[in-house]
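Trainee: Could you walk me through this model and let me ask how each label is earned?
Mentor: Sure, bring it up and fire away.

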2 protein chains.
Amino acid sequence: MSQPAGEFAFIARHFRSLAGPGALALSDDAAVFMPPAGRELVVCADAMVAGVHFLPDDPSYDIGRKLLRVNLSDLAAMGAVPLGYLMTVSVPPDLPSDWFEGFSAGLAADQATYGLSLLGGDTTSTTGPLVLSLTILGHVAPGEAVRRNGARPGDGVWVTGTIGDGSLGLACLQGELDDPTGFLADRYHVPQPRLGLALSRLVHAAIDVSDGLVQDLGHLCRESGVGAVVEATLVPASDAARVAGAAWLERRLTGGDDYELLLAVPADAEAILLRAAAAAGVALTRIGTFETGPARVRVLAANGSELVFRSPGWSHVSDAFGVRG
Amino acid sequence: MSQPAGEFAFIARHFRSLAGPGALALSDDAAVFMPPAGRELVVCADAMVAGVHFLPDDPSYDIGRKLLRVNLSDLAAMGAVPLGYLMTVSVPPDLPSDWFEGFSAGLAADQATYGLSLLGGDTTSTTGPLVLSLTILGHVAPGEAVRRNGARPGDGVWVTGTIGDGSLGLACLQGELDDPTGFLADRYHVPQPRLGLALSRLVHAAIDVSDGLVQDLGHLCRESGVGAVVEATLVPASDAARVAGAAWLERRLTGGDDYELLLAVPADAEAILLRAAAAAGVALTRIGTFETGPARVRVLAANGSELVFRSPGWSHVSDAFGVRG
């Protein structure tokens with residue numbers, strides 16, 4: 001239950017440079033800051049565990065970025081602007097001493113990219129695998145947070161970017177699939193949170209695709225009390241995913257780790273949203289329609305027949321205290 | 001990297017009843033709420049690991065309370081008012097299925113006691129020991145957060161409650177010491193966060209004693225650029241600790257797990273602070289004086305000689321991104 005005191009130096013070495021205004025240089029147990037006036041706060045937390053959410057030999061630089069980005073993706077789905085984050089790390093004794101150098105460098109790079117900083121946290125030891133927990137804070141105009149429960153029959157089902165790359169990237173890293181360019185592994189290692197689309201007042205509902213397109217769309221349907229039909233051929237694939245071929249279709253649609261946004265878009269918002277996405281350099285594709293009926297997702301093949309998958313989603317065993325299965 | 005989806009039911013069963021306003025019934029990935037107008041936010045995070053911060057067979061009801069209370073204690077040291085919390089839990093496969101029933105019941109009881117609620121979080125699996133991470137949010141009047149860096153020479157060194165019970169309680173649970181009444185074990189299992197003392201504008205600095213009185217006083221000294229002298233005989237002991245006797249003095253002063261407050265109190269604030277403490281039913285005791293000189297803590301025996309300890313603090317291996325060693 002004890003160990004020689006060494007965390008002070010550890011923290012100073014790896015984390016103090018990440019501290020932003022309000023973090024009190026990480027010298028106190030807590031951060032203190034004035035939240036943006038007249039804005040609602042948006043807060044969420046995600047944990048990642050070695051061997052569950054990342055591979056033990058993934059580069060620590062990328063793990064730092066992924067930890068931050070999966071949380072940024074949650075803010076993106078709410079239409080929120082990042083503010084800062086807290087982090088707890090539970091460290092096994094055999095972790096190489098330079099592991100946190102890459103980890104904090106990845107965090108530093110993404111802090112600059114996304115405009116937020118470390119507010120505080122905690123380091124502990126563990127006898128098990130490395131556990132990383134991050135709580136992110138963002139803000140949004142009052143009443144404008146995008147929820148999961150607003151999809152209406154007739155809304156289009158839209159997605160950002162391409163779907164399935166992250167899951168295929170994991171398959172590549174596990175030797176199940178070739179990845180000559182490294183594109184798919186990179187998509188697995190480094191999600192692209194789709195911030196900056198100004199979703200509020202344009203979309204009726206949003207979720208980020210972390211547990212698989214079909215499963216996360218099911219969450220939107222359940223929370224909104226609607227069904228959805230998706231045409232598999234419309235689901236955007238990267239060039240690398242297209243090379244993998246039709247045999248990987250189920251994995252692409254159910255595999256997760258996309259961190260793309262899945263949106264319920266009313267017809268009258270399509271044009272302005274497409275302009276916003278183009279300005280942000282983000283592809284936006286309509287893949288189906290929300291419909292009345294039970295909260296069920298139907299995925300149709302090119303011939304109109306319904307595809308039946310073994311599992312609606314793989315669940316990467318990270319589940320917000322929400323409806324992520 | 002996958003498991004059957006079951007967290008939705010898990011979360012609904014154990015955590016949804018803990019959700020407060022803004023948590024969106026835990027149905028989204030994030031909570032959304034308007035922070036108290038004109039108040040600064042105070043945020044901090046602490047993690048607890050089975051076998052490191054609690055004993056594997058400690059009651060889960062108490063572990064839930066301790067997880068929340070160690071974070072509430074950080075807010076108490078800042079003079080902040082609790083608002084809400086997020087939590088991530090990384091769960092080993094062999095944890096008994098009813099473990100979380102006690103855990104969430106303990107959290108529910110303390111939510112009622114301290115007036116805050118669950119805002120969100122995440123559940124993951126782990127192959128290692130149970131890891132619990134909690135981020136707490138509180139608020140304080142602008143500029144009135146109590147820091148660690150304000151102690152001045154001549155300020156009194158004061159503590160709330162009694163010192164050393166938590167560490168002796170751990171010794172009892174480990175069979176090193178008798179605990180006929182169970183008082184000491186209870187002090188280890190269930191800290192009493194000293195909220196409600198209205199410290200702002202009264203004390204110059206504060207810290208909660210988590211890593212041992214001497215070590216945490218050292219942190220105050222280092223951050224404030226002052227020294228401190230403490231008279232060991234003035235450090236308040238519970239009846240149970242007194243029964244343990246003088247052989248346990250070092251353990252009491254360096255063992256940690258007290259979660260009492262250590263305060264730098266100017267002379268002109270003593271009277272009003274003592275009245276506030278009396279009103280809150282909290283004992284408040286002067287144990288020494290801050291002094292000019294190097295950031296060093298001297299502990300004096302009754303005969304005036306300086307006590308030398310093997311280690312300034314045991315460090316229970318939980319270290320905020322602050323100066324906790």
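What follows is a chat about confidence, overall build, two backbone oddities, a sheet and two domains.

Trainee: How do you know how far to trust chain A?
Mentor: This is a predicted model, so start with the confidence scores. Chain A has a mean pLDDT of 89, and 90% of its residues reach 70 or more. For the model as a whole, the scores are ipTM 0.89 and pTM 0.91.

Trainee: What makes residues 1-5 of chain A a stretch to treat with care?
Mentor: Their pLDDT stays under 50, on a scale that runs from 0 to 100. The model does give residues 1-5 of chain A 13 contacts beyond four places in sequence. Residues 314-325 of chain A also fall below 50, with 64 contacts beyond near neighbours in sequence. Where pLDDT is low, don't read the predicted coordinates in detail.

Trainee: And what makes chain A as compact as a globular protein of its length?
Mentor: Its secondary structure comes to nine helices and 13 strands. The radius of gyration is 20 Å, and the globule rule gives 20 Å for 325 residues, so chain A counts as compact as a globular protein of that length. Along the principal axes, its C-alpha atoms fill a box of roughly 65 × 50 × 35 Å. Buried residues make up 60% of the chain. Take the contacts in chain A between residues at least 6 apart in sequence: 86% of them join residues at least 24 apart.

Trainee: Why is A:R201 called exposed?
Mentor: The cut-off for exposed is 12 or fewer other C-beta atoms within 10 Å. A:R201 has 12, so it makes the exposed class. You'll find A:R201 in the loop between α5 (183-189) and β7 (205-208) of chain A. It also has a positive phi of about 70 degrees, although it is not a glycine. Most residues other than glycine have a negative phi.

Trainee: Why, then, does A:D257 get the label buried?
Mentor: Buried takes 20 or more such atoms. A:D257 has 26 within 10 Å, so it qualifies. A:D257 has a positive phi too, about 65 degrees, and is not a glycine. Its place is the loop between α8 (249-254) and β9 (261-265) of chain A.

Trainee: Over in chain B, what makes β7 and β12 edge strands?
Mentor: Each pairs on one side only. They belong to an open sheet of seven strands with mixed pairing, in the order β7-β9-β6-β10-β8-β11-β12.

Trainee: How do you know that β8 and β10 of chain B pair?
Mentor: Pairing needs at least two bridges. Strand β8 (residues 227-231) has four to β10 (residues 284-291), so the pair passes, and the two strands run antiparallel. B:A228 stands opposite B:F290 in β10(B). Helix α2 (residues 60-78) of chain B packs on the sheet, touching β7 and β9 (261-265), and its direction makes about 170 degrees with that of β7(B).

Trainee: Back in chain A, how do you know where the two domains touch?
Mentor: The domain assignment gives domain 1 (8-140) and domain 2 (156-307). Their centres, taken over C-alpha atoms, are separated by 26 Å. The contact takes 16 residues from domain 1 and 15 residues from domain 2. On the domain 1 side, helix α2 (residues 60-78) of chain A supplies the largest share, eleven residues.

Note on methods: Residues numbered from 1 in each chain as written. Chains lettered and ligands numbered in written order. Predicted model: local features only at pLDDT ≥ 70, side-chain atom pairs only at ≥ 80, totals over all residues. pLDDT = per-residue confidence, 0-100. Contact = placed C-beta atoms within 7 Å. Rg over C-alpha atoms; globule rule 2.2 N^0.38 Å. Axes fitted to C-alpha atoms, helices over the stretch in contact; angles between N-to-C directions. Domains from an automatic or database assignment.
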